[in-house]
Protein chains: 2
Amino acid sequence: MKKRRVKLEDIARKLNISIATVSRALDKNPRVKLATREKVLKMAQAMGYMPNQIAKSLSSGKTNIIGVIIPRYDEPFFIEACRGIDHYARSHNYKILISSSRNSFDFERENLISFERGLVDGIILCPSHDTETFAHIRSIIDKEIPVVLFDNIREMVKGADHVLINDDKASFSAVEFFIKNGRKNIAFIGGIKEKKVFQDRYKGYLEALKKHNIPIDKEMIFHCNSIDREFEDDEISGFLKKLSKKPDAVFTCTDNYGLLAMKTLIKMGYKIPEDIAIIGFGDLGLGDVFVPSLSCVAQPSFEMGKKAAELLIDQLNKSEEETLPKKVIKLKTHLVHRDSTRFKKVNFHI
Amino acid sequence: MKKRRVKLEDIARKLNISIATVSRALDKNPRVKLATREKVLKMAQAMGYMPNQIAKSLSSGKTNIIGVIIPRYDEPFFIEACRGIDHYARSHNYKILISSSRNSFDFERENLISFERGLVDGIILCPSHDTETFAHIRSIIDKEIPVVLFDNIREMVKGADHVLINDDKASFSAVEFFIKNGRKNIAFIGGIKEKKVFQDRYKGYLEALKKHNIPIDKEMIFHCNSIDREFEDDEISGFLKKLSKKPDAVFTCTDNYGLLAMKTLIKMGYKIPEDIAIIGFGDLGLGDVFVPSLSCVAQPSFEMGKKAAELLIDQLNKSEEETLPKKVIKLKTHLVHRDSTRFKKVNFHI
DNA sequence: TAAAATAATACAAACGTTTGTATTATTATA
DNA sequence: TATAATAATACAAACGTTTGTATTATTTTA
């Protein structure tokens, strides 16, 4: 005794009119008489009619769904980016379907392939850690499915839009901030060297030192290698504990590294920010709650998502013939000062 | 010059066989000769055939998508729950479509209605803060769309499965833990009183005190009212600062409250956990990183999501006729001991 | 008041699959 | 070698819409 859904045909039969007319009436198409439209609307309401989205999609060739692939669910940055995407998408009548690549190239490719089956109109992707080739993305683009890439981009992919931040500038500003406040022994904790973002953040660090004629001390530089969070703590505390010289500032390439570093440094007896200042990267959004709180380079995560959605929907709405030039958007970061740099209260934009 | 997708018909025409045979060959249906199957498979591969998910769904009446509605994106609990849902769903060939109700009843209802359009096979819902009536959910159930509710359930809804934790037992255990460790002046910071979960957590607090003959001191009890996070900090520090008696323990109904309380208490000069022990509720998953770290009642968020997905998929897979009895699953919480209760190292299950 | 113009509606194909039934080809049986 | 049994395939309807074109009903015009 499964209740069958009410469909156009049911309404049509009840009113003794054709399906086409019912369809058009519900669309408020001027081709149907006002009286008929109202009759249909009333009957649809009375019968509890709900349009079948799947049938609509098949007929129209559009699903109004955007596929989103992120490297992981449990990073505030991605959640915020998804919120941004969702925000823009919803207000433009799109839903989003999120999958995680679990930072695996294979999963990423699988997810893309599953999106190729016509369930989504377009794709927003943040490449995973170990994505080094881009054929899988190009293959999607070849099928003329619009793609926008955001964050963690190693390499531009032709035919896709890109949304990024200025990683080198961002870390440059953070390190310069240290220097301008008299810090000289500035440690650097980076991420795996293969990632473009970490390279760029490292670059910014080096450039800031260079500009201000501070010699580069290799001992002060560490690149965290583990993808697995479990080991980050050990790696970072290991690095900090075996330093022969005391740093007076640390710049870390993620907020998490910053927090872990802070934890270790406190245990080692450092006073924050008097003995050592710390700036992380990313803005977990929670850094604020804890004592001491962590300063950071804030990525405009929500904005990045929003922008990505905007670019994608622009592509989706373009007419068949016109071909929109592909864009690379770089969004601005800014320094958020909390306890770990609060020797001077400022909040400036890069 | 839009490239048309390859479809069954294209393969069929190329090989001079019928669409039905191609369809069955790809399904590895034994009705088609092995030689034919291989021919088809090869051709499909060569032509880059991708099945059209929408057409499949229309034909089969199943989308293999689960709709998920959570109150907000930016709470680790929900993210973890979604991960749990996703984990189970994916391994059973379902995708998930997440929407946020932004803790608004109206958005929640809108989301449900949009799910009613046949895009999802079933729905997993965590009711929003201000959901007080349930007609919108019943209406979905009436249409025989399977529904599973999890967390924040004010009231059981007939015809839906439920996944919960034992809120009263959980807070009871936390408070009893304080008492067994010699704490007597135990403050309570709850959430808005209208929510069942907060009522239950409050109940557990009261019961623990009662069981151990500790008089209830109204001054030690505070119910945080704000939905907006911005004001929680002020509310909580306001409460703590105007206490006439010094508490030696605080139980808070969320982790965030716990962190905020800890921040204030440290500023007030309390030593943690010597002067005051704190237990939060929820396990942000980050409480660990900060100094001092926050002990908490850990909700099995991932497990809850997983269980919800399991129940839903069970409903979806049941045959047309059989009607599965609806279930209420209560999952166990456990205490996670960190710095804020580390006067004694244990980690027991409730 | 009949023809022309237009408004309103009906018909039917299309979207790309699946699947029950009909048909044809092949093999087995007598 | 004709006939039955079975294997392989083809046909066509169905899923629930949308939309171009054909048809019918109504109004306008002469």
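Around DNA strand C there are 26 residues, of which Ser18(A), Thr36(A), Ser23(B), Arg31(B) and Ser59(B) come nearest. Within 4 Å of the protein, 62% of the atoms of DNA strand C are sugar and phosphate atoms. The model is a predicted one, and every distance and angle in this report was computed from it.

**DNA strand C**

Polar contacts to DNA strand C involve both phosphate and base atoms. On the phosphate side, a polar side-chain atom of Ser23(B) is placed 2.3 Å from a phosphate oxygen. On the base side, the side chain of Arg24(B) has an N or O atom 3.0 Å from a base nitrogen, and a backbone N or O atom of Ser59(A) lies 3.4 Å from a base oxygen. The elements that give two or more residues to the surface near this strand are helix 2 (19-26) and helix 4 (53-60) of chain A, together with helix 2 (19-26) and helix 4 (53-60) of chain B. Helix 2 of chain B gives the most, with four residues. Divided by class, the surface near DNA strand C comprises 11 nonpolar, eight polar and seven charged residues.

**DNA strand D**

DNA strand D is also surrounded by 26 residues, and those that come nearest are Ser23(A), Arg31(A), Ser59(A), Ser18(B) and Thr36(B). Sugar or phosphate supplies 62% of the atoms of DNA strand D within 4 Å of the protein, and bases supply the rest. Two of the polar contacts reach phosphate oxygens: a backbone N or O atom of Leu8(A) lies 2.9 Å from one, and a polar side-chain atom of Thr21(B) lies 3.1 Å from one. Arg24(B) appears here as well, with a side-chain N or O atom 3.3 Å from a base nitrogen of DNA strand D.

Helix 2 and helix 4 of chain A, with helix 2 and helix 4 of chain B, each supply at least two residues of the surface near DNA strand D. For this strand, helix 2 of chain A gives the most, again four residues. The surface near DNA strand D has 11 nonpolar, eight polar and seven charged residues.

The polar contacts described above are set out below.

| Protein atom | DNA atom | Distance |
|---|---|---|
| Ser23(B), polar side-chain atom | strand C, phosphate oxygen | 2.3 Å |
| Arg24(B), side-chain N or O | strand C, base nitrogen | 3.0 Å |
| Ser59(A), backbone N or O | strand C, base oxygen | 3.4 Å |
| Leu8(A), backbone N or O | strand D, phosphate oxygen | 2.9 Å |
| Thr21(B), polar side-chain atom | strand D, phosphate oxygen | 3.1 Å |
| Arg24(B), side-chain N or O | strand D, base nitrogen | 3.3 Å |

**Helix packing**

In chain A, the axes of helix 1 (residues 8-15) and helix 3 (residues 34-47) come within 10 Å and cross at roughly 120 degrees. Helix 1 of chain A and helix 3 of chain A are therefore oblique to each other, and their crossing is right-handed. Asp10(A), Ile11(A), Lys14(A) and Leu15(A) of helix 1 meet Lys39(A), Val40(A), Met43(A), Ala44(A) and Met47(A) of helix 3. The residues of this contact are six nonpolar, no polar and three charged.

In chain B, helix 5 (residues 76-91) packs against helix 12 (residues 301-317) at an angle of about 40 degrees, and the axes are 6 Å apart. Helix 5 of chain B and helix 12 of chain B are therefore oblique to each other; their crossing is right-handed. Residues of helix 5 in this contact include Phe77(B), Glu80(B), Arg83(B) and Tyr88(B), while those of helix 12 include Phe302(B), Met304(B), Lys306(B) and Ile313(B). By class, the contact has nine nonpolar, four polar and four charged residues.

Methods
Residues are numbered from 1 along each chain as its sequence is written. Chains are lettered from A and ligands numbered from 1 in the order in which they are written. This is a predicted model: local features need pLDDT of at least 70, side-chain atom pairs count only at pLDDT 80 or more; totals for chains, interfaces and linings use all residues. Side-chain values use heavy atoms; hydrogens and water are left out. A residue is near a molecule or strand if one of its heavy atoms lies within 4 Å of it. A polar contact is a pair of N or O atoms within 3.5 Å; within protein, one must be able to donate a hydrogen and the other to accept it, and residues adjacent in sequence count only if both atoms are side-chain atoms. Ala, Val, Leu, Ile, Met, Phe, Trp, Tyr, Cys and Pro count as nonpolar, Asp, Glu, Lys and Arg as charged, and the others, Gly among them, as polar. Axes are lines fitted to C-alpha atoms, for helices over the stretch in contact, and angles run from 0 to 180 degrees between N-to-C directions. Angles under 35 degrees count as roughly parallel, over 145 as roughly antiparallel, 65 to 115 as roughly perpendicular and the rest as oblique. A crossing is left-handed if the near helix is turned anticlockwise from the far one by less than a right angle, and right-handed if clockwise. Contact means heavy atoms within 4.5 Å.
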